[in-house]
Amino acid sequence: MTGFALAILPLVITPGASLALLIRHVTEGGRRRALPVILGTATGLYVHASLAVAGLAALVMRSEAAFTVVRIAGACYLAGLGAWTWWSATRAVPAAPGGGRVRWNSAYPQALFANLLNPKAASVFLTLVPQFVTTDRPLGGQILALATVQVVMVGLWLLGWALLMRRAAPYLESARVRGAVGRVTGGVLIVLGVRGLVSW
């Protein structure tokens with residue numbers, strides 16, 4: 001477990017769609033918005049792990065056509081989400097006291113699909129995980145255990161960012177600052193989507 005944690009650490013701390021979504025939602029609605037983002041990301045990782053156990057992820061990775069469809073769908077989703085985030089930031093309004101209501105129907109599915117439609121997330125369970133499993137124990141249990149390690153690490157990483165942003169709350173209450181963060185977040189998501197199209 002320790003070896004896997006060390007191997008996965010660079011991937012966990014590399015800024016990606018989950019962190020971009022976390023920053024956007026916490027900036028708009030307060031630290032409570034972090035939980036649905038974290039849960040959506042965790043759910044996506046467990047889905048990838050389950051697919052790896054069933055062998056479906058391997059099928060996608062071995063089929064150029066299927067992999068291309070997943071890659072394009074994920075890239076288009078991130079780019080579209082980024083464009084929507086950018087547009088929303090231009091219409092930013094002051095936050096309600098206490099950060100407003102937690103919109104689970106928004107943050108959770110966005111984080112979930114951003115992870116599900118990311119081929120690189122699936123490839124972790126096909127390239128890295130096999131190095132840390134053995135054939136003398138049930139494969140499914142080992143993969144799900146390693147997935148749990150990744151989920152805990154990602155969750156703590158995102159939670160740390162949420163707590164850090166909490167200290168900056170007085171500055172984030174400004175509509176101008178929230179709008180700027182939204183535009184930057186949207187730009188990051190667009191770049192991630194475009195990179196997904198050109199880097200494979």
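Three aromatic pairs are found in a search of the whole structure, which is a predicted model. In one of them, phenylalanine 4 meets phenylalanine 132 edge-to-face. The ring centres are 5.6 Å apart, and the planes make an angle of 75°. An angle over 60 degrees counts as edge-to-face, so this pair falls in that class. Phenylalanine 4 belongs to helix α1, and phenylalanine 132 to the loop between α7 and α8. The pair therefore ties together parts that lie 128 residues apart in sequence. The two partners can also be described by their accessibility. Phenylalanine 4 has a relative accessibility of 0%, so this residue counts as buried. Phenylalanine 132 has a relative accessible area of 31% and is partly exposed.

Charged side chains were examined next. Side chains of opposite charge can pair when their charged atoms come close. The whole structure contains two salt bridges. Glutamate 28 forms one with arginine 24. The closest N and O atoms of this pair are 3.5 Å apart. Both residues lie in helix α2. They are four residues apart, or about one turn of the helix. Glutamate 28 also meets arginine 33 in a salt bridge, at 3.8 Å from N to O. Salt bridges thus link Arg24, Glu28 and Arg33 in a network. Which members of this network are buried, and which is partly exposed? Arginine 24 is buried, with a relative accessible area of 2%. Arginine 33 is buried as well, at 6%. Glutamate 28 reaches 24% relative accessibility; buried means under 20%, so glutamate 28 counts as partly exposed.

Helix α3 covers residues 34-54. How does its span agree with its number of residues? At 1.5 Å a residue, the 21 residues of α3 should span 30 Å. The end C-alpha atoms are 31 Å apart, which agrees. Many positions of the helix can be named by burial. The buried residues of α3 include Ala34, Pro36, Val37 and Ile38. Gly40, Thr41, Ala42, Gly44 and Leu45 are also among them. His48, Ala49 and Ala52 complete the list. Serine 50 is found in α3 too. Serine 50 is partly exposed, with a relative accessible area of 40%. This serine and phenylalanine 125 are 75 residues apart in sequence. In space, their C-alpha atoms are 9.7 Å apart. Glycine 55 follows α3 and has a positive phi, near 85°.

Empty space was considered last. Rolling a probe the size of a water molecule over the atoms shows where empty space is left. The largest pocket has a volume of about 730 Å³. Its lining is made up of 30 residues. Leu11, Gly16, Ala17, Asn118 and Lys120 lie nearest the centre of this pocket. Which helices each supply at least two residues of the lining? They are α1 (2-13), α2 (17-29), α3, α5 (64-89), α6 (104-116), α7 (119-127), α8 (139-167) and α10 (175-198). By class, the lining of the largest pocket holds 18 nonpolar residues, nine polar residues and three charged residues.

Conventions. Residues numbered from 1 in each chain as written. Predicted model: local features only at pLDDT ≥ 70, side-chain atom pairs only at ≥ 80, totals over all residues. Heavy atoms only, no water. Buried < 20%, exposed > 50% of the residue type's maximum accessible area, 1.4 Å probe, protein only. 1 Å grid on protein atoms, 1.4 Å probe; cavity = no way out; pocket = protein on both sides within 12 Å on 5 of 7 lines; lining within 4 Å. Points joined across faces, edges and corners; volume = space filled by probe spheres on them. Nonpolar A, V, L, I, M, F, W, Y, C, P; charged D, E, K, R; others polar. Phe/Tyr/Trp six-rings, centres within 6.5 Å; stacked < 30°, edge-to-face > 60°. Expected span 1.5 Å × (residues − 1). Salt bridge = Lys/Arg side-chain N within 4 Å of Asp/Glu carboxyl O.
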